[in-house]
Structures are given as C-alpha cells and as structure tokens.
Amino acid sequence: MKKINLAIYYTLFIIYQEIVFSGLINKTESGIFLTALLSIPIAITLTIISLLFSKKINKIITYILTIAITILFGAQIIYYKIYEAFLSVYSIINGKQVTEFMDVIFSKILENWYAILLIIIPLIILIILNKKKILIYERQSIKKIAIEFATLILIQIIALVCINTINTNSMYSNKNLYYNIHIPKLTAKNMGVLTTMRLDLQRFLFGFEENLPINLYVDGETIKEYEYNVTDIDFDKLIESETDEKVIKVHEYFKEKQPTNKNEYTGMFEGKNIIAIVGESFSSLAIREDITPNLYKLYSEGFQFDNFYTPVFPVSTADGEYITDLSVLPKEGVWSFKEIVGNYEPYSYPNVFKKLGYTTNAYHNHTSTFYERDKYIETLGYDSFTAIGTGLEKKINADLWPESDYEMMKATIDDYINNDKFLAYYMTVSGHLGYSKETNAMTERNWDKVEDLPYSDKAKSYLAANIELDKAIGELLNRLEQAGKLEDTVIILSGDHHPYGLKIDEINELSQYERDDKFEKCRMPFIIWSGSMKEPVKVEKLGSSLDILSTVLNLFGVEFDSRLLIGKDILSNASPLVIFSDRSFITEKGKYDAITNTFVPNKGEKVDENYIEKINQTIYEEFRMSTKILEYNYYKKVFK
C-alpha cells in the first residue's frame with residue numbers, strides 16, 4: 001500500500017478540524033479558503049517537529065500533537081457552547097477556578113457528544129493508519145527540512161498576500177483582523193481557530209494595541225434643550241502638559257466627544273438611598289406575576305426599559321459586571337475585571353456617593369476571590385465587601401450551590417438600613433446555570449412552585465432558581481417598609497448576561513415572543529424602582545447595560561462628565577447604540593450581524609451605503625478608548 005507523507009496527514013487533519021469548528025460554531029463555510037491556506041504552514045511546522053527523531057519517538061510525537069490539537073478544538077467548542085466566546089490564552093492561564101464548574105462542563109460535553117465524536121475521528125483514523133503502517137515516520141534529512149521550510153514560507157507569503165490585497169476596504173477586513181483589530185470571533189471565522197490562537201498568544205506575549213486610522217463618525221448634532229452633563233475639565237491644558245503622544249490622542253478624543261444632555265428626569269432621585277443589584281442570568285423571562293410577584297412589582301411600578309439589551313461578552317459575569325458598573329467596554333483577550341485593579345474610578349457608585357455622605361457596602365453570595373472580585377470591589381471604592389470568605393459564610397448556608405440570594409439579603413440588610421444615606425451593591429448567584437434539581441440547589445428548594453407549569457424541566461428550573469431572587473427582593477421591600485425608608489430608596493436591577501444555560505427553544509418556552517439566537521435572546525430587563533414613584537415610566541428608547549451607569553448618575557443629579565463614559569444616558573436625546581462583543585450592533589435603524597455581514601433594517605427604515613461603516617467606526621473607537629481607559633489608568637491622568 002502506498003505510504004502517506006505526514007505533511008498530508010497534518011494538513012487534512014487541521015483543515016478537517018477547522019471545518020468542523022466552523023460548521024458547529026459559525027454555521028457558515030465563509031473563510032474556509034483562507035483558513036485552509038493558513039493551515040498548511042501549521043501542518044508543515046508540525047511535520048518538521050514530528051520527524052526530528054527515530055521512527056518510534058516520531059510516532060509518539062505525532063500522537064501527542066494530534067491529541068493536543070484535538071483537545072484544543074474540543075475545548076474551544078465546549079467553551080463557546082457555554083460562554084458564546086472564544087477561549088483566550090489569558091483565560092487558560094487564569095482559569096484555575098474552572099474546576100468549580102466541572103459539572104457544567106461535563107454536562108455541556110454530554111450535550112454536545114456529536115461534536116466531540118466529530119473531532120476525535122482524525123485520532124481514530126491515525127490509529128488505523130498506524131496499524132496499517134501507512135504513515136512515513138523516518139527522520140528527515142536537512143535538505144528535506146529545508147525544502148519544507150521554504151514551502152512553509154512560500155505558502156505563508158501567499159496567505160499574507162491574500163490577507164493584504166483582497167477586500168481590504170471594510171472595517172472588519174482580513175487585513176484589519178490580522179494586523180489592527182483583536183476580534184477573535186471574526187478572526188476564527190475568517191482565518192481559523194489555530195491562526196486566531198496564534199495571534200492571541202503573540203499579542204498576549206508581546207502586547208497589542210489596536211491602531212486603525214479612521215475618520216471618526218459623529219452622529220448628528222444633539223439638540224441642546226437642556227444643559228449637558230459635563231464638568232470643568234481643561235483638556236487643552238491636559239494635552240499641553242502631556243508628553244505621551246498616545247495619551248494625547250485619548251485626551252483629544254474625549255475633548256471632542258459629544259456629551260449627553262440633562263433632561264426632565266435629571267435629579268429625580270437626588271439624595272435617595274441606592275440598592276444596586278446585578279442578577280446572575282436575570283432575564284425578563286423570570287418576571288411573572290404568578291411566581292415572582294416582587295420582581296413583577298418592581299417592573300410594573302418602576303422605570304420599564306423595554307427595548308434594553310445585555311449582550312454577553314467573553315468573560316461572562318465578570319465582563320457583564322464590569323460594563324454595568326463602569327460604563328466602558330471590556331478589553332478583548334484579558335479579564336478587564338482583574339486588570340483594572342488599582343486604577344482610579346471616579347464614576348463608580350461608591351466613589352461618587354461617598355462624597356455625598358453615603359455609606360457603601362458590597363455583597364456577593366459566592367466566593368469573594370472568584371475572578372479576584374475582592375480586589376475589583378476594593379478598586380471601585382466600597383467601604384466593605386461581604387462574601388463567602390469574608391464573613392458571609394457565617395451567616396448563610398455556604399455549602400449549597402448556588403448559594404441563596406434570599407439568605408444573603410436577609411443576613412445583610414441590617415448592615416446599612418439604619419444609616420442616614422446608604423449605597424448597597426449586590427451581585428447575586430442563585431440564577432446560575434445548570435438548570436436542574438441535581439445541579440442547582442435553588443431549583444430544588446423552589447421546585448414545588450414550578451413543577452406543574454407547562455414547560456420543560458430546564459425552563460422550569462430556571463424559573464425556580466429565580467424565585468430565590470424574588471424572595472430576596474420581597475425581604476428587601478418588607479425591611480425597607482418597616483424602617484420607613486421605602487420612599488427614600490431606589491432599587492436598580494439588571495442582569496449580567498442572558499441565561500445562556502438555556503437553549504434558544506427553552507428560552508422561547510418562557511418568552512412572550514419568538515426570540516432569535518443572536519440578538520433577541522439578549523433583550524433583558526433594566527428596572528429602576530422607588531417607593532416615591534407615583535406611576536411607572538415606560539421607556540421605548542433603545543439601550544444596553546453599557547448605558548446603566550450614565551442613566552443612574554443623571555437620575556440622581558450628581559455631577560459627572562458624560563464624555564468620559566462610553567455608555568449614554570438612555571433618558572437623554574443621544575442616539576442609541578447597542579454593541580455586541582463580536583462588533584454586531586443594534587441602532588434605531590436596524591440590526592447588523594458582523595459574523596454574517598448582514599444588516600436588517602427596521603420596518604420603514606432606509607440607510608445609505610456608508611451607514612454600516614460609519615457605525616463600525618464608532619464602535620471601533622469605543623472599544624479602543626475603553627481599552628485606553630483601562631491600560632493607561634486614564635481617569636487618574638485626567639483628575640490627577
């Protein structure tokens with residue numbers, strides 16, 4: 001039987017894995033040509049490595065490399081299926097806490113057994129080929145290695161020529177993805193998993209700065225019916241005294257950025273207490289008058305932001321919190337939640353309200369060190385942080401998973417409720433996946449309240465888990481009323497991301513309308529409620545979690561400079577923009593899917609040919625400036 005060169009095996013093996021990944025995740029064949037072209041140099045590199053020694057050792061090396069690459073593709077598929085994100089080198093290095101969610105991982109592996117079967121087929125084929133002794137494992141001569149290396153260089157050059165010359169004009173061209181922008185989802189779609197991981201590793205080791213020269217698109221002039229939310233920042237003086245050209249460019253950007261206007265709701269809640277809650281996987285699916293009456297009360301009586309989205313970002317809860325708390329976008333490829341530690345954050349809730357005489361307490365009913373949340377909370381400026389590991393374990397049952405939102409609320413209200421002015425921040429955990437009685441203690445606790453509902457067990461499990469959050473809200477409302485502080489307190493409730501532990505058909509079981517698996521699954525609640533409100537306020541304007549901080553600061557009438565926040569006050573007349581991690585977006589005119597490069601206009605809307613590119617430019621700058629705020633500790637430079 002004719003022998004097979006190892007380079008052919010590796011080439012077919014890698015291209016096969018890339019096709020499987022693209023089919024399962026991207027569900028498109030676009031990018032296959034360039035992916036295949038970029039796969040050949042990788043295959044040749046693996047061939048050279050695999051044929052440096054004796055036949056026996058070379059065979060072992062081939063098995064090791066095949067298994068390693070198979071595991072890598074499998075890990076990326078399962079990670080994406082759980083988090084809808086690309087697994088970065090940074091997350092791999094910092095991901096020791098993944099062991100806490102092994103049950104979720106194993107569950108997802110079982111759920112996607114067909115994917116695992118598909119990616120291990122080449123390993124099975126390798127075993128068969130070796131039994132038949134078809135593959136060539138003889139050590140190569142220097143001459144042959146030189147020929148292979150020259151071929152590697154030639155094909156890589158051809159690939160780079162394609163990258164640098166074909167369709168280079170769009171914002172998300174292969175050229176920009178390869179050199180100028182870090183968007184792993186798009187890079188993996190266009191150039192493959194291995195090239196994306198190579199670029200990610202390269203940028204992790206040597207640093208990377210997005211540097212795409214564009215003409216920033218500024219959406220039309222804002223009508224100045226009110227004063228703007230700005231402060232007296234002398235950007236000209238900052239520019240004059242700065243020696244770093246990169247920082248000067250950031251100063252110039254924020255100097256020219258359009259601020260948001262004050263409005264009829266400015267100062268509506270001035271001087272009131274604040275309880276800000278970020279609900280784990282909290283969604284409008286969980287707001288029901290029958291089984292979650294307290295959540296329903298907040299929604300039906302407060303600000304109802306019904307056109308609101310909470311896009312999921314690569315580091316799920318940590319990124320969701322980061323966006324909500326700071327009104328900036330997370331940096332791709334790292335944990336911004338962790339990297340921000342030690343920075344100055346003038347517009348975080350505690351740093352704003354401590355100046356006004358508020359006490360500030362933060363709470364979380366899971367491990368205090370998860371994602372290094374304890375250091376993050378300290379950076380935000382809270383006076384105290386109570387979680388499992390910092391005292392909460394003495395007050396609630398910390399042996400359950402997930403821990404109880406109700407028990408946390410009940411055990412902590414006395415910390416602040418008798419203070420003159422207080423800010424309390426809660427990150428909950430009861431709504432965390434997985435959704436079954438076996439994997440979620442809160443589901444088991446509240447199962448009797450949902451078991452007769454006409455839904456699948458996972459959908460019912462999600463509702464049962466959120467009943468625990470509802471009980472926490474009920475306890476909070478009762479205690480505020482007993483203390484006579486119901487009218488003097490504002491409750492802010494939003495989610496960190498959609499319930500990605502549910503499949504889209506399970507989401508639609510609970511939804512009041514048919515949601516798609518791209519945009520509408522991320523339509524989420526944002527509730528602002530106070531006992532002082534005489535009637536609900538329905539807000540139809542588009543908004544997202546990026547806009548929460550600006551909206552809240554305006555409602556409380558505090559002084560802040562809206563130019564320095566990436567999000568916008570939803571209640572202002574600024575043009576809305578919802579940004580997704582893969583650079584997809586929603587505007588008042590329609591929805592753009594960056595993966596498929598398609599724009600679907602809203603009914604009756606028409607856009608010119610430059611519209612998408614203009615919005616893409618705006619999004620690029622907002623990601624870039626968010627990164628600069630993080631990397632440069634920018635606010636400290638502004639406020640000295």
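Visitor: In this predicted model, which residue of β14 does Asp593 stand opposite?

Guide: The model is a prediction. Asp593 belongs to strand β13, which spans residues 590–593. β13 and β14 pair in the antiparallel sense over four bridges, and within this pairing Tyr592 has Phe599 as its bridge partner. The residue of β14 that stands opposite Asp593 is Thr598.

Visitor: Which residue in the hairpin of β13 and β14 takes a positive phi?

Guide: The hairpin has four residues between its strands. β13 covers residues 590–593, and β14 covers 598–601. The residue with a positive phi, near 55°, is Asn597.

Visitor: Which are the edge strands of the open sheet that contains β13 and β14?

Guide: This open sheet has four strands with antiparallel pairing, in the order β11-β12-β13-β14. An edge strand here pairs on one side only. The edge strands are therefore β11 (578–579) and β14 (598–601).

Visitor: At about what angle to β12 does helix α23 run?

Guide: Helix α23 comprises residues 611–631. This helix lies across β11, β12, β13 and β14. Relative to β12 (585–587), the helix runs at about 115°.

Visitor: How many bridges join β4 to β6?

Guide: Strand β4 comprises residues 359–367 and is mostly covered, with seven of its nine residues buried. Its pairing with β5 (residues 384–388) is parallel and uses four bridges, and there Tyr363 has Thr386 as bridge partner. With β6 (residues 422–427) β4 also runs parallel, and Thr360 is partnered by Leu423. The number of bridges joining β4 to β6 is six.

Visitor: What is the handedness of the β-α-β crossover from β4 to β5?

Guide: β4 and β5 pair in the parallel sense. Between them the chain passes through helix α17, residues 373–380. The crossover is right-handed.

Visitor: Which helix gives the most residues to the largest nonpolar core?

Guide: The largest nonpolar core has 161 residues, and those with the most contacts inside it include Phe254, Tyr416 and Tyr426. Among the residues that Tyr416 touches are Tyr363, Phe422, Tyr426 and Leu476. The helix that gives the most to this core, with 11 residues, is α20 (residues 457–482).

Visitor: How many residues does the second, separate core have?

Guide: This core is separate from the largest one, which has 161 residues. Its members include Phe13, Ile14, Leu46 and Tyr137. The number of residues in the second core is 31.

Key:
Residues are numbered from 1 along each chain as its sequence is written. This is a predicted model: local features need pLDDT of at least 70, side-chain atom pairs count only at pLDDT 80 or more; totals for chains, interfaces and linings use all residues. Side-chain values use heavy atoms; hydrogens and water are left out. A nonpolar core is a set of buried Ala, Val, Leu, Ile, Met, Phe, Trp, Tyr and Cys residues joined through side-chain atoms within 4.5 Å. Buried means under 20% relative accessible area, exposed over 50%, partly exposed in between (1.4 Å probe, protein chains only). Helices (H or I, at least four residues) and strands (E, at least two) are DSSP runs, numbered from the N terminus. Contact means heavy atoms within 4.5 Å. Two strands pair if DSSP finds at least two bridges between them. A crossover is right-handed if, with the strands pointing away from the viewer, the path from the first strand over the helix to the second runs clockwise. Axes are lines fitted to C-alpha atoms, for helices over the stretch in contact, and angles run from 0 to 180 degrees between N-to-C directions. Lists of a residue's contacts leave out its neighbours within four places in sequence.
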